[in-house]
Amino acid sequence: MRNPEQQKKMSDVQRLRYQSDPEFKKLINQRSANWKDKAFRDGLCTCCGNRREEDSPNKNYCISCNTKHRNRIRKRFRERLEIVFAYYGEKCACPGGCDITHRRFLTLDHVGGWRAVHPGHEKRITTEVLVKWIIDNNFPDSIRILCMNCNWAVRSGEPCPHEIINSEGTKSA
Ligand SMILES: [Zn+2]
Ligand SMILES: [Zn+2]
Ligand SMILES: [Zn+2]
């Protein structure tokens, strides 16, 4: 048994209707939700409808579907991360000048602190959520790439020591 609304491939006509007709969309989603509720109560995987193993790490999915879902999420995250790094440049953007380009040293930094960029958020959002947010918000200037050192140095709002070191270097040269 499969989730009939989710698994069955929608015809093009249906998909068009799903996208353009809010009532139809509501109906399909409701049917899908009902199916999932029942599957969950029956101890079935809410994705494929097979029996959900007792030791499945996910309370909704069987082990096999859980692995597939997790891989899909991880793959999407990596793709988004690539897009974001390609946009902001593969380099620390410290205004004091910093040559770090190694990906594993690089972080996504909120200019002016993450609270300023995500007002109303109680907790820091995860990198997974952040990369999606960046793409959905059309790559805002409030995000930049910093290496871990520069990121750490500016966390209290002070300028990065690079800005002081490098300006002194210029003066004495
Ligand atoms: Zn399954
Ligand atoms: Zn740096
Ligand atoms: Zn710096």
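A residue is buried if 20 or more other C-beta atoms lie within 10 Å of its own, exposed if 12 or fewer, and partly exposed in between, with C-beta atoms placed from the backbone. This is a predicted model: local features need pLDDT of at least 70, side-chain atom pairs count only at pLDDT 80 or more, and totals for chains, interfaces and linings use all residues. Residues are numbered from 1 along each chain as its sequence is written, while chains are lettered from A and ligands numbered from 1 in the order in which they are written.

**Overall build**

The chain holds eight helices and two strands. Helices (H or I, at least four residues) and strands (E, at least two) are DSSP runs, numbered from the N terminus. Their order along the sequence is α-α-α-α-β-α-α-β-α-α. The C-alpha trace spans about 75 × 40 × 30 Å along its principal axes. The radius of gyration is 23 Å, whereas a compact globule of 173 residues would have one near 16 Å. That radius is taken over C-alpha atoms, and the globule rule is 2.2 Å times the number of residues to the power 0.38. Buried residues account for 16% of the 173 residues.

Domain 1 covers 4-61 and domain 2 covers 88-156. These bounds come from an automatic or database domain assignment. The domain centres, taken over C-alpha atoms, are 37 Å apart.

Two residues are in contact if their C-beta atoms, placed from the backbone, lie within 7 Å. Of the contacts between residues at least 6 apart in sequence, 56% join residues at least 24 apart.

**Helices H4 and H6**

H4 has 26 residues, and its end C-alpha atoms are 37 Å apart; this agrees with the 38 Å expected at 1.5 Å a residue. The expected span is 1.5 Å times one less than the number of residues. Gly-89 follows H4 and has a positive phi, near 90°.

In H6 (residues 127-136), Leu-130, Val-131 and Ile-134 are buried. Seen down the axis of H6, its buried residues fall within an arc of 95°, so they line one face of the helix. The arc is that of the directions from the helix axis to the C-beta atoms. The buried residues of H6 pack against helix H4 (63-88), strand E1 (106-110) and strand E2 (143-147).

**Nonpolar cores**

A nonpolar core is a set of buried Ala, Val, Leu, Ile, Met, Phe, Trp, Tyr and Cys residues joined through C-beta atoms within 7 Å. The largest has ten residues, among them Cys-92, Cys-94, Leu-106, Ile-145 and Val-154. E2 supplies the largest share of this core, three residues. A second, separate core has seven residues, including Trp-35, Cys-45, Cys-47 and Tyr-61. Leaving aside neighbours within four places in sequence, Cys-94 is in contact with Leu-146, Cys-150, Cys-160 and His-162.

**Loop residues**

Most residues other than glycine have a negative phi. Asn-138 and Phe-139 have positive values, tabulated here.

| Residue | Loop | Phi | C-beta neighbours within 10 Å | Class |
|---|---|---|---|---|
| Asn-138 | between H6 and E2 | near 60° | 7 | exposed |
| Phe-139 | between H6 and E2 | about 55° | 13 | partly exposed |

Met-10 sits in the loop between helix H1 (4-7) and helix H2 (12-20). Met-10 counts as partly exposed because 13 C-beta neighbours lie inside 10 Å. Not counting residues up to four places away in sequence, Met-10 touches Arg-15 and Tyr-18.
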